[in-house]
Amino acid sequence: MVAVTAPVAADPFLDGGELDCLIEPRNVIKLGAPVDGIVAAIEADRGDAVTKGQVVARLESGVEEAVVALAEARAQDAFDIQSSRARFEFLQRKQDRATRLKSTNVVSASALDEAEMEARVAQLAVREAEFKQHLAKLELKRAQEILNQRVVRSPVDGVVVERLMSPGEYRHEQAPILAVAEIDPLNVEVFVPLTLFGQVKLGGGAVVVPEQPVGGSYAARVTVVDQVLDAASGTFGVRLELPNPGHRLPAGIRCRIRFKK
């Protein structure tokens, strides 16, 4: 009898074997303020998880807070508008009476013209008062934006990896306060042999195995394939995106990778 051999399942991976790789943060962002000043408080430390928009540091802002309070008082001041409207309503009634009396020739045409002009001027005074209040509200917004420049917020969800300043120090344009690493998703960097050039493509999949003690296997997706090759090493660079919900994987760890066909 002739033995029947079961078909061998096709290998779903490229014929390149496992390659060394490195898991890195997606970004490492050094945070500072757009203005100079004394650091008043730092509200996050190394190892702390931060969320996008979270306040992580503040500069001294007493002067800016006082300017905001003054601008807010001016923006809420409606006395000029109220008094201008009251005067306009009075002169409008005066004009109406003059118009009725003119029809019976009790008042002269010049008196009616004068009443109409006074009402018109009063109406313009109302618009001027409303415009001034509008400008005051814009000044308030400007003052608030200047104050906001003295508050440092994290632009991403991530982890603080370095604290570079302390309260009381002077921050200038070249002095970041904190460094935050974005670790969801992570980047996986790998140098691939030239024999696989053209086979590793954008959007392609791979399986990443972090070294111990992390271990496990995780799916990643190719996001960058270098088009400039390294003739000296016979490789080209590839970057993959590795989802990391809950920050379960650390960054800065070595790994092994196999690309899918």
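In this predicted model, His247 counts as partly exposed because its relative accessible area is 30%, a value that falls between the 20% under which a residue is buried and the 50% over which a residue is exposed. His247 belongs to the loop between β11 and β12, the latter covering residues 253-259. The backbone of His247 has a positive phi of about 55°, although His247 is not a glycine. Most residues other than glycine have a negative phi, and most peptide bonds are trans.

Two peptide bonds are also worth a look in this respect. The bond that joins Asp184 and Pro185 is cis, with an omega of about 5°, and Pro185 is part of strand β8. The bond from Gln212 to Pro213 is likewise described as cis, with omega near 10°, and here the proline, Pro213, sits in the loop between β9 (205-210) and β10.

**The chain as a whole**

The secondary structure of the protein chain consists of three helices and 12 strands. For a compact globule of 261 residues one would expect a radius of gyration near 18 Å, whereas the protein chain has 35 Å. Taken along the principal axes, the C-alpha atoms fill a box of roughly 130 × 55 × 35 Å. Of the 261 residues, 32% count as buried, and the protein chain exposes about 16,100 Å², of which carbon and sulfur atoms supply 53%. Among the contacts between residues at least 6 apart in sequence, 75% join residues that are at least 24 apart.

**Helix α3**

Helix α3 runs over residues 109-148. Its 40 residues should span 58 Å at 1.5 Å a residue, and its end C-alpha atoms are 59 Å apart, so the expected and the modelled span agree. The buried residues of α3 include Leu112, Ala115, Ala119, Ala122 and Val126, and further along the helix Gln133, Ala136, Leu140 and Leu147. On the surface, Phe131, Leu135 and Leu138 form a nonpolar patch that has about 280 Å² of accessible area together, and Phe131 is a residue of α3.

A charged pair also belongs to this helix: the side chains of Lys132 and Glu128 meet in a salt bridge, at 3.7 Å from N to O. Both residues lie in α3, four residues apart, which is about one turn of the helix. Glu128 is partly exposed, because its relative accessibility is 45%.

**Salt bridges between strands**

The structure holds 12 salt bridges, and three of these pairs are set out below.

| Pair | N to O distance |
|---|---|
| Lys132 and Glu128 | 3.7 Å |
| Arg239 and Glu189 | 2.5 Å |
| Arg221 and Glu241 | 3.4 Å |

The side chains of Arg239 and Glu189 meet at 2.5 Å, and this pair links distant parts of the chain, with Arg239 in strand β11 (residues 235-242) and Glu189 in strand β8, 50 residues apart. Both partners fall in the partly exposed class, Arg239 at 33% relative accessibility and Glu189 with a relative accessible area of 23%.

The side chains of Arg221 and Glu241 form a further salt bridge, at 3.4 Å. Arg221 lies in strand β10 (residues 218-225) and Glu241 in strand β11, so this pair ties together parts of the chain that are 20 residues apart in sequence. Arg221 is partly exposed, with a relative accessible area of 40%, and Glu241 is partly exposed as well, with 24%. Elsewhere, Glu18, Asp20 and Arg256 are linked in a network of salt bridges.

**Glu182 in strand β8**

Strand β8, which covers residues 178-193, also contains Glu182. Glu182 is buried, because its relative accessible area is 12% and the limit for burial is 20%. When residues up to four places away in sequence are left out, Glu182 touches Pro25, Arg26 and Asn27, together with Val156, Asp157 and Gly158. Strand β8 thus brings together several of the features described here, because Glu182 is found in it, Pro185 is found in it, and Glu189 lies in it as the partner of Arg239.

Key: Residues numbered from 1 in each chain as written. Predicted model: local features only at pLDDT ≥ 70, side-chain atom pairs only at ≥ 80, totals over all residues. Heavy atoms only, no water. Patch = residues over 30% accessible without salt bridge, like charges linked within 9 Å, V, L, I, M, F, W, Y side chains within 5 Å. Areas by Shrake-Rupley, 256 points an atom, 1.4 Å probe, with all protein chains shown as cover. Salt bridge = Lys/Arg side-chain N within 4 Å of Asp/Glu carboxyl O. Helix = DSSP H or I, 4+ residues; strand = E, 2+ residues; numbered from the N terminus. Rg over C-alpha atoms; globule rule 2.2 N^0.38 Å. Buried < 20%, exposed > 50% of the residue type's maximum accessible area, 1.4 Å probe, protein only. Contact = heavy atoms within 4.5 Å. Expected span 1.5 Å × (residues − 1).
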